[in-house]
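Please examine the sequence and the structure shown below. The paragraphs that follow lead through the paired strands, the aromatic rings and the charged side chains in turn.

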Amino acid sequence: MIRSILALLVFAAGSFAVPSSRAQDPDPEIGLGAREFGRLAIGFTGSFQYWSLTALEGTLNDRARHFSQDGFRFEDGAFELTYAFGIELQVRLSETWFARSQFEWSTIAWNDRDLTFIGQLGGRQRTPVSLSYESRVQTNPFFVTLGVGGARLHDAVRFAFSTSLVVAPLKLEDTFEVFIETGTKSEVTSKGTGFGLEADFTVDYFTDVRTNLFAELFFRLGSTVVELEETWWESSFLPGRRRVDFDGIGIRLGLRWF
């Protein structure tokens, strides 16, 4: 929750910037620079995203059914909203067209825990056994986005639309912890790189200084196949190859300098 709130601080900090009270009349000393990007603009973003991890959730559900044979009752996997932080570079090609690249870091996880009892052979004593597991997906280290777009300026507001190729190196970490009087913890890593597409609609609000605030709505499609780094871990509840979808939708808020 704390990290999620921090994602908004990047945008909130812009409230201290000088408002564009002279939006209709650019500052004559600054000229067009106050109303348009230079050749290069850099932005920092915080975002909230929803990933449709249906393929990965399916393997978690299979895992829950596997452990149910031993008396454990796990919930079906269902990943929720996550956060991300990023940096974006834009190069203005003309008054209308621009090229962009973005590097975005994100992580999302699902975990569950249950307790059952195992009877000892030849006796009535029953031993409590606790099992927990977590599956964590994170960019490794970044989503890399490369694309082009077009923009139109209206007073102090710039509207832009862009399409991009997404390169997605992902790492999937599965952590298992069994507690029978003492705890045993195992961590297993799977990695892979996939590709996708992203479409972005952006609204920039220009201030009287060379800084602006922007909000961006994006849609993303793609997937990555990850493979176990140590293949001897492969089993009925831990596949050697899994597909991680990163289809999703989200909103970014940020500050841009140019």
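Over the ring of which residue does the charged end of Arg158 sit? In this predicted model, the charged end of Arg158 is placed over the ring of Phe98, at 5.0 Å from the ring centre. A similar arrangement involves Arg63, whose charged end sits over the ring of Tyr133, 4.9 Å from its centre. Both arginines lead on to wider groupings: Tyr133 belongs to a cluster of rings, and Arg158 belongs to a network of salt bridges.

The strands provide a framework for what follows. Strand S10 covers residues 248-257, and seven of its ten residues are buried, so the strand is largely enclosed by the rest of the structure. S10 has pairing partners in S1 and in S8. Strand S1, residues 40-51, pairs with S10 in the antiparallel sense over ten bridges; within this pairing, Ser47 has Arg252 of S10 as its bridge partner. S8 and S10 also run antiparallel and are joined by ten bridges. Here Phe219 stands opposite Ile249 in S10.

Another antiparallel pairing is that of strand S5, residues 143-154, with S6, over eleven bridges. Gly147 has Ser164 in S6 as its bridge partner. The two strands form a hairpin with two residues between them, and in this hairpin Asp155 takes a positive phi near 55°.

Strand S6 spans residues 157-180 and contains Lys171. Is this lysine buried or exposed? Lys171 has a relative accessible area of 17%, and because buried means under 20%, Lys171 counts as buried. Its side chain makes a polar contact of 3.5 Å with the side chain of Glu173. Leaving aside residues up to four places away in sequence, Lys171 touches Arg136, Val137, Gln138 and Asn140, and also Thr189, Ser190 and Lys191. Of these, Arg136, for example, falls within the range of strand S4, residues 126-139, while Thr189 falls within that of strand S7, residues 182-206.

The aromatic residues come next. Across the whole structure, a search finds 15 aromatic pairs. One of them joins Phe67 and Phe74 in an edge-to-face arrangement, with 5.9 Å from centre to centre and 75° between the planes. Phe67 and Phe74 are both buried. Phe74 also pairs with Tyr133: the ring centres are 5.0 Å apart and the planes meet at 65°, so this pair is likewise edge-to-face. The pair of Phe74 and Tyr133 links distant parts of the chain, since Phe74 lies in the loop between helix H2 (54-68) and strand S2 (82-92), whereas Tyr133 lies in strand S4, 59 residues apart. Phe74 and Tyr133 are both buried. Ring pairs extend this arrangement into a cluster that comprises Phe67, Phe72, Phe74, Tyr133, Phe176 and Phe237. Tyr133 thus takes part in the cluster and also has the charged end of Arg63 over its ring.

Helix H2 offers an example of a local ionic pair. Arg65 forms a salt bridge with Asp62, with the closest N and O atoms 2.2 Å apart. Both residues lie in helix H2, three residues apart, about one turn of the helix. Asp62 has a relative accessibility of 38% and therefore counts as partly exposed.

How many salt bridges does a search of the whole structure find? The search finds 19. Among them, Glu104 bridges to Arg220, the closest N and O atoms being 3.5 Å apart. Glu104 is in strand S3 (residues 97-119) and Arg220 in strand S8 (residues 211-228), so this salt bridge ties together parts that are 116 residues apart in sequence. Both Glu104 and Arg220 are buried.

Arg220 has a further partner in Glu198, and the closest N and O atoms of that salt bridge are 3.5 Å apart. Because Glu198 lies in strand S7 and Arg220 in strand S8, the pair ties together parts that are 22 residues apart in sequence. Glu198 is buried, as is Arg220. Through shared partners, salt bridges join Glu88, Arg100, Glu104, Arg158, Glu198, Asp200, Asp204, Glu216, Arg220, Arg252 and Arg256 into one network. This network includes Arg158, whose charged end sits over the ring of Phe98, and Arg252, the bridge partner of Ser47 in S10.

Conventions: Residues numbered from 1 in each chain as written. Predicted model: local features only at pLDDT ≥ 70, side-chain atom pairs only at ≥ 80, totals over all residues. Heavy atoms only, no water. Helix = DSSP H or I, 4+ residues; strand = E, 2+ residues; numbered from the N terminus. Buried < 20%, exposed > 50% of the residue type's maximum accessible area, 1.4 Å probe, protein only. Polar contact = N/O pair within 3.5 Å; in protein donor to acceptor, adjacent residues only side chain to side chain. Contact = heavy atoms within 4.5 Å. Phe/Tyr/Trp six-rings, centres within 6.5 Å; stacked < 30°, edge-to-face > 60°. Lys NZ or Arg CZ within 6 Å of the ring centre and 35° of its normal. Salt bridge = Lys/Arg side-chain N within 4 Å of Asp/Glu carboxyl O. Pairing = 2+ DSSP bridges.
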